Amino acid sequence: MRKYNGKQIGLIVGSLVVAFVINWLLWYLFMKHPEEINAAYQALLTICLGTAFIVAGDKLFKTEIFR
């Protein structure tokens, strides 16, 4: 298993938190009731959005998560 340093862990956690907030805000603004959406769908969408932020952040901050 690969070991991650603090900068990499920070990027991963920060990206997932930002993805969660953006996902929640988008559903709240457009749907008005985000709690009516299935939790599994919300989780998968958050993970996908978070992954996109991780890939972009990895290139931007040069954390070398993906070698």
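Reader: In this predicted model, is W27 buried or exposed?
Author: Buried means under 20% relative accessible area. W27 has a relative accessible area of 16%. That value falls under the cut-off, so W27 is buried.

Reader: How many helices and strands are there in the protein?
Author: Helix α1 runs over 6-31, and helix α2 runs over 39-61. A loop lies between them. The count is 2 helices and 0 strands.

Reader: What radius of gyration does the protein have?
Author: Begin with a reference value. A compact globule of 67 residues would have a radius near 11 Å. The protein itself has 14 Å.

Reader: What box do the C-alpha atoms of the protein fill?
Author: The box is taken along the principal axes. Its sides are roughly 40 × 25 × 15 Å.

Reader: What percentage of the 67 residues in the protein is buried?
Author: W27 is one buried residue, at 16% relative accessible area. Over the whole protein of 67 residues, the buried share is 24%.

Reader: What share of the contacts with a separation of 6 or more joins residues 24 or more positions apart?
Author: Take the contacts in the protein with a separation of 6 or more. Then pick out those between residues 24 or more positions apart. Their share is 61%.

Reader: Where do the positive and negative side chains stand, centre to centre?
Author: The protein has 7 positive side chains and 4 negative ones. Each set has its own centre. The distance between the two centres is 15 Å.

Reader: How many aromatic pairs does a search of the whole structure find?
Author: The search finds 2. One of them joins W24 and Y28, with 5.2 Å centre to centre and 10° between the planes. Planes under 30 degrees apart count as stacked, and this W24 and Y28 pair is stacked. The total remains 2.

Reader: Which helix holds both W24 and Y28?
Author: The two residues are 4 apart, about one turn of the helix. Both lie in α1.

Reader: Why does Y28 count as partly exposed?
Author: Buried is under 20% and exposed is over 50%, with partly exposed in between. Y28 falls between those limits because its relative accessibility is 42%.

Reader: What kind of aromatic pair do W27 and Y41 form?
Author: Their ring centres lie 6.0 Å apart, with 80° between the planes. Planes over 60 degrees apart count as edge-to-face. The pair of W27 and Y41 is edge-to-face.

Reader: How many residues apart are W27 and Y41?
Author: W27 sits in helix α1, while Y41 sits in helix α2. The pair links distant parts of the chain. Along that chain the separation is 14 residues.

Reader: Which residues does L45 contact, leaving aside neighbours within four places in sequence?
Author: L45 is found in helix α2. At 31% relative accessibility, L45 counts as partly exposed. Leaving aside those neighbours, its contacts are N23 and W27.

Reader: How far apart in space are L45 and A19, C-alpha to C-alpha?
Author: In sequence, L45 and A19 are 26 residues apart. In space, their C-alpha atoms are separated by 8.7 Å.

Reader: Is E35 buried or exposed?
Author: E35 lies in the loop between α1 and α2. Exposed means over 50% relative accessible area. E35 has 62%, so E35 is exposed.

Reader: What distance separates the C-alpha atoms of E35 and W24?
Author: E35 and W24 are 11 residues apart along the chain. The distance between their C-alpha atoms is 9.4 Å.

Reader: What phi does K62 have?
Author: Most residues other than glycine have a negative phi. K62 is found in the segment after α2, and K62 is not a glycine. Even so, its phi is positive, at about 55°.

Reader: Which residues does E64 touch, not counting residues up to four places away in sequence?
Author: E64 is found in the segment after α2. E64 has a positive phi of about 55° although it is not a glycine. At 48% relative accessibility, E64 counts as partly exposed. With those close neighbours in sequence not counted, E64 touches R2, Q8 and D58.

Notes: Residues numbered from 1 in each chain as written. Predicted model: local features only at pLDDT ≥ 70, side-chain atom pairs only at ≥ 80, totals over all residues. Heavy atoms only, no water. Rg over C-alpha atoms; globule rule 2.2 N^0.38 Å. Buried < 20%, exposed > 50% of the residue type's maximum accessible area, 1.4 Å probe, protein only. Contact = heavy atoms within 4.5 Å. Lys, Arg positive; Asp, Glu negative; His and termini not counted. Charge placed at Lys NZ, Arg CZ, Asp CG, Glu CD. Phe/Tyr/Trp six-rings, centres within 6.5 Å; stacked < 30°, edge-to-face > 60°.
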